[in-house]
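Work through these exercises with the model open beside you. Try each task before you read its solution.

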Amino acid sequence: MAPTVTSMEASNAHEVPKVASIKTLADSASLTFVPSEYTYIKNPNEQGDANDPEHSIPIIDFALLTSGSLDQRAKMIQELRRACEEWGFFQVTNHGVPESLMQSMIDACHRFFDMPEEEKKEFQTRNLLDPIKCGTSFNADIEKVHLWRDFLKVIAHPEFNSLYKPAGYSEVSLEFSKRTRDVATEILKGISESLGLEADYIAMTMNWDRGLQILAANYYPACPQPDKAIGLPPHTDHGLVTLLIQNEMGGLEVKHKDQWVLVNAAPGAFIVNIGDQMQILTNDKYKSIWHRAVVNNKATRISIAVPHGPSLDTPALPIPELLEREGQAPKYIGMTYEKFMELQASPAALTKPCLHHLRVKHN
């Protein structure tokens with residue numbers, strides 16, 4: 001769910017970041033306030049609320065979507081369409097990925113973040129698509145406020161990459177990435193059908209067999225003044241769909257009807273959201289929704305966002321069949337997924353959302 005790229009000029013690509021990890025800062029016994037460089041002011045009128053039943057993100061029963069009767073599948077496709085149109089976020093239950101595997105993945109990432117800073121240095125890089133990279137904040141060299149967050153990003157598809165430490169990470173991440181991609185593949189089929197297309201239409205168009213999958217782990221330690229810091233500011237995801245899991249500490253907030261809604265996920269569920277590439281494909285029918293990660297003063301939150309996108313050399317364009325059916329002109333120009341990710345990591349993304357850069361300009 002979190003932005004998954006950072007970038008710098010190639011000549012600086014392997015310099016170690018100048019900003020200390022948030023774990024180092026948060027572990028300091030003397031830390032009683034948020035330092036000025038981390039101070040983030042949220043709008044007091046935009047607080048999250050998880051208790052309003054109208055603000056509960058939809059639930060998609062994966063078992064009914066994939067192995068139920070034709071009627072049950074048709075109903076789930078309808079529910080999926082409604083979730084994509086009205087929310088852009090939903091939770092997936094009964095997906096078959098063992099809770100024990102999900103917990104093992106969270107634990108393995110926690111062990112990585114707990115390693116001494118010296119042991120993590122070899123994975124610190126600013127190259128956009130290095131297979132393994134860790135760091136702090138988002139893009140510390142151009143951002144005005146640092147984020148209360150450390151991260152680890154590992155590309156798991158089309159080629160599987162992994163860490164040799166901590167012990168057990170490689171085996172767990174291999175199984176987790178495969179199982180998660182299987183779920184994402186079925187969700188993509190459901191979304192394709194919800195648009196009145198063949199089940200494999202989007203996968204074929206986006207070269208899903210060579211598509212990018214990233215395991216993006218986020219570490220948000222307890223913060224002495226949570227209202228004065230942010231884990232991740234409002235953003236959208238760059239891919240087609242993102243699947244997310246988290247430990248027992250919530251913190252994901254979704255913008256819904258101009259209100260920030262704190263997501264309360266069912267135990268063992270995947271939280272799924274639509275990404276920018278899907279918004280382009282559907283010509284704004286399914287929108288990539290703004291979301292953010294807030295922090296707390298009680299305990300560390302760990303989330304693992306798994307964005308799934310097209311192959312890097314594939315440009316997303318509005319689907320011709322949908323344009324013809326809706327009588328619409330395309331709202332977006334084409335750009336390869338790799339170029340789109342580069343745009344998201346650039347200073348241009350600080351001035352306006354990435355999708356705005358791709359909008360067709362009408363005279």
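The exercises below concern a predicted model.

**Exercise 1. Cysteines**

Task: Find how many disulfides the structure has, and decide whether cysteine 109 and cysteine 223 are buried or exposed.

Solution:
- Start with the rule: two cysteine sulfur atoms must lie within 2.5 Å.
- By this rule, the count is zero disulfides.
- Now take the accessibility. Cysteine 109 has 2% relative accessibility, so it counts as buried.
- Cysteine 223 has a relative accessible area of 1%, so it is buried.

**Exercise 2. One helix, its buried residues**

Task: Name the buried residues of helix α10 and work out where they sit around its axis.

Solution:
- Helix α10 spans residues 337-344.
- Its buried residues are Tyr337, Phe340, Met341, Leu343 and Gln344.
- Around the axis they cover an arc of only 155°, so they are on the same side of α10.

**Exercise 3. Nonpolar cores**

Task: Identify the residues with the most contacts inside the largest nonpolar core, then list the contacts of phenylalanine 176.

Solution:
- Recall the general tendency first. In soluble globular proteins, nonpolar side chains tend to be buried together.
- Here the largest nonpolar core has 81 residues.
- Leu152, Phe176, Ile191, Phe270 and Met278 have the most contacts inside this core.
- Next, set aside the neighbours of phenylalanine 176 within four places in sequence. Its contacts are then Leu101, Met102, Met105, Leu215, Ile245, Phe270, Ile304 and Val306.
- Another core lies apart from the largest one; it has 11 residues, among them Ile57, Leu252, Val254 and Ile271.

**Exercise 4. Salt bridges in helix α6**

Task: Explain how the partners of two salt bridges are placed along helix α6.

Solution:
- Begin with the principle. Side chains of opposite charge can pair when their charged atoms come close.
- Arginine 179 pairs with glutamate 175; their closest N and O atoms are 3.5 Å apart.
- These two are four residues apart in helix α6 (residues 169-194), so about one helical turn separates them.
- Glutamate 186 and lysine 189 also form a salt bridge, at 3.4 Å from N to O.
- They are three residues apart in helix α6, about one turn.
- Check exposure. Arginine 179 is partly exposed at 26%, and glutamate 175 is partly exposed at 35%.
- Glutamate 186, at 23%, is partly exposed, and lysine 189, at 31%, is partly exposed.

**Exercise 5. Other salt bridges**

Task: Give the exposure of lysine 121 and glutamate 118, and name the residues linked in a network of salt bridges.

Solution:
- Lysine 121 and glutamate 118 form a salt bridge, 3.0 Å from N to O.
- Lysine 121 is partly exposed at 37%, whereas glutamate 118 is exposed at 58%.
- The network links Lys23, Asp27 and Asp114.
- The whole structure has 16 salt bridges.

Terms used:
Residues are numbered from 1 along each chain as its sequence is written. This is a predicted model: local features need pLDDT of at least 70, side-chain atom pairs count only at pLDDT 80 or more; totals for chains, interfaces and linings use all residues. Side-chain values use heavy atoms; hydrogens and water are left out. Buried means under 20% relative accessible area, exposed over 50%, partly exposed in between (1.4 Å probe, protein chains only). The arc is that of the directions from the helix axis to the C-beta atoms. A nonpolar core is a set of buried Ala, Val, Leu, Ile, Met, Phe, Trp, Tyr and Cys residues joined through side-chain atoms within 4.5 Å. Contact means heavy atoms within 4.5 Å. A salt bridge is a side-chain nitrogen of Lys or Arg within 4 Å of a carboxyl oxygen of Asp or Glu.
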